[in-house]
Amino acid sequence: MTTLQICLLASALLFAIGFAGAVTRRHAILVLIGIELMLNAANLNFIAFWRFGPHPEMLTGLMFVIFSMALAGAEAAVGLALVIAIYRHKKTSNLDEVKELKG
Amino acid sequence: MTLSIIITAIVTILAAATAMSLRNLVHSVLALAVAFAGIAAFYLQLDAQFVGFAEILVYVGAVAILIVFAILLTRSGEAPDQSVLGPGWFYGIIVSALVFTAIGWAILNSSALPTEVPVASDATVKHIGEALMTKYVLPLEIIGLVLTAAMIGAVLIALREVSTAGGSRRESAPSENLSGLTSTATNSSLGGKA
């Protein structure tokens, strides 16, 4: 097994763990954490393919990861603000009890 | 190199699985920080130093702390009494296992993956900065705009609602403020006349 395959397998496992957490957990913040894990798994794939691809001097994978990190930061900020707003409104952050957007 | 990458992968995946399975949210965020540090170690071993340190700065430094603040603000610091898994969790785990099986099978049997390891390029901060300022300057500007818009939007969403006597919501708050303003304005003008 090559190093690239180890990296890709680790990233696939990270993605599966994040997906399982995002789908199964009840708490809204845990769902956001799962989404962050999935984004990180995708970033790991980018870096692995950049390092072991045919043209590492092009910096394409690096740039993709930098921009994707910025987008993930924006997503985390907006998502957590939504969780706080929903908590203020409904006094819960349990996703099973938040069934409608209308107040 | 391969052994250290395997150790990093095991630590990262164990930390991620712990973060996803603990009942107490604060503990789970601590495990998540360990997982992010493991991913940063991955990046450092794959010769991507800048991205590795950016990962530590952004994720361990900012996102984990932001999540801790959100947990404390929503008062969900202690473990809940009821089950932490939603309904239908069994199907979720089965689907994620299927996803991992499919991706893993594709990785292990693919003939398109490059087998020889190319020489590591010297992707120093200088090179990355030059590329960001020349070839990728438009995406950089756009990502700055997106971040600004997201920050303003997050602050607006999480703003404290103006609480009035009747417990009315945000819709009624501006009119309340407006009527208060006009009443004080009329009062002051009346006082000025008197």
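Which residues touch the most other members of the largest nonpolar core? They are A:I29, A:I47, A:L62, B:V51 and B:I67, in a core of 68 residues. This is a predicted model: local features need pLDDT of at least 70, side-chain atom pairs count only at pLDDT 80 or more, and totals for chains, interfaces and linings use all residues. Residues are numbered from 1 along each chain as its sequence is written, chains are lettered from A and ligands numbered from 1 in the order in which they are written, and side-chain values use heavy atoms, without hydrogens and water.

**Chain B overall**

- Chain B has seven helices and zero strands. Helices (H or I, at least four residues) and strands (E, at least two) are DSSP runs, numbered from the N terminus.
- The order of elements in chain B is α-α-α-α-α-α-α from the N terminus.
- Chain B has 194 residues, and 29% of them count as buried. Buried means under 20% relative accessible area, exposed means over 50%, and partly exposed lies in between (1.4 Å probe, protein chains only).
- About 11900 Å² of chain B is exposed, with 72% supplied by carbon and sulfur atoms. Accessible areas come from the Shrake-Rupley method with a 1.4 Å probe; for residues, only the protein chains shown count as cover.
- Among contacts in chain B with a separation of 6 or more, 51% join residues 24 or more positions apart. Contact means heavy atoms within 4.5 Å.

**The nonpolar core**

- A nonpolar core is a set of buried Ala, Val, Leu, Ile, Met, Phe, Trp, Tyr and Cys residues joined through side-chain atoms within 4.5 Å.
- The core with 68 residues is the largest. Chain A supplies at least two residues from each of α1, α2 (28-52) and α3 (60-90). Chain B does so from each of α1 (2-21), α2 (25-45), α3 (49-73) and α5 (125-134).
- B:V51 is in contact with A:I47, A:L62, A:V65, A:I66, A:M69 and B:Y43, leaving aside neighbours within four places in sequence.
- B:V146 lies in helix α6 (residues 137-157) of chain B. Its relative accessibility is 32%, so B:V146 counts as partly exposed. The C-alpha atoms of B:V146 and B:V51 are separated by 20 Å, with their positions 95 residues apart along the chain.

**Helix α4 of chain B**

- Helix α4 (residues 89-109) of chain B has 21 residues, so at 1.5 Å a residue it should span 30 Å. Its end C-alpha atoms are 30 Å apart, which agrees. The expected span is 1.5 Å times one less than the number of residues.
- The buried residues of α4(B) are B:G92, B:S96, B:G104 and B:I107. They fall within an arc of 95° seen down the axis, so they line one face of the helix. The arc is that of the directions from the helix axis to the C-beta atoms.
- These buried residues pack against α1 (3-24) of chain A.
- B:Y91, B:L98 and B:W105 are exposed on the face of α4(B) turned away from its buried side.

**Aromatic pairs**

- Rings of Phe, Tyr and Trp (its six-membered ring) pair if their centres lie within 6.5 Å; planes under 30 degrees apart count as stacked, over 60 as edge-to-face and the rest as tilted.
- The count over all chains is four aromatic pairs. The rings of A:F46 and A:F64 have centres 4.5 Å apart and planes at 15°, so this pair is stacked.
- A:F46 sits in helix α2 of chain A and A:F64 in helix α3 of chain A, 18 residues apart. A:F46 is partly exposed at 31% relative accessible area, and A:F64 is partly exposed at 48%.
- The rings of B:F90 and B:Y91 have centres 6.1 Å apart and planes at 70°, so this pair is edge-to-face. B:F90 counts as partly exposed at 49% relative accessibility, while B:Y91 counts as exposed at 59%.
- B:W89, B:F90 and B:Y91 form one aromatic cluster.

**Helix α3 of chain A**

- The 31 residues of α3(A) should span 45 Å at 1.5 Å a residue; the end C-alpha atoms are 44 Å apart, which agrees.
- A:G79 lies in this helix and counts as buried at 13% relative accessibility.
- A:K91 follows α3(A) and has a positive phi, near 60°.

**Positive phi in loops**

- Most residues other than glycine have a negative phi.
- A:L59 has a positive phi, near 65°. A:L59 lies in the loop between α2 and α3 of chain A and counts as buried at 8% relative accessibility.
- B:D47 also has a positive phi, near 65°. B:D47 lies in the loop between α2 and α3 of chain B and is partly exposed, with a relative accessible area of 22%.
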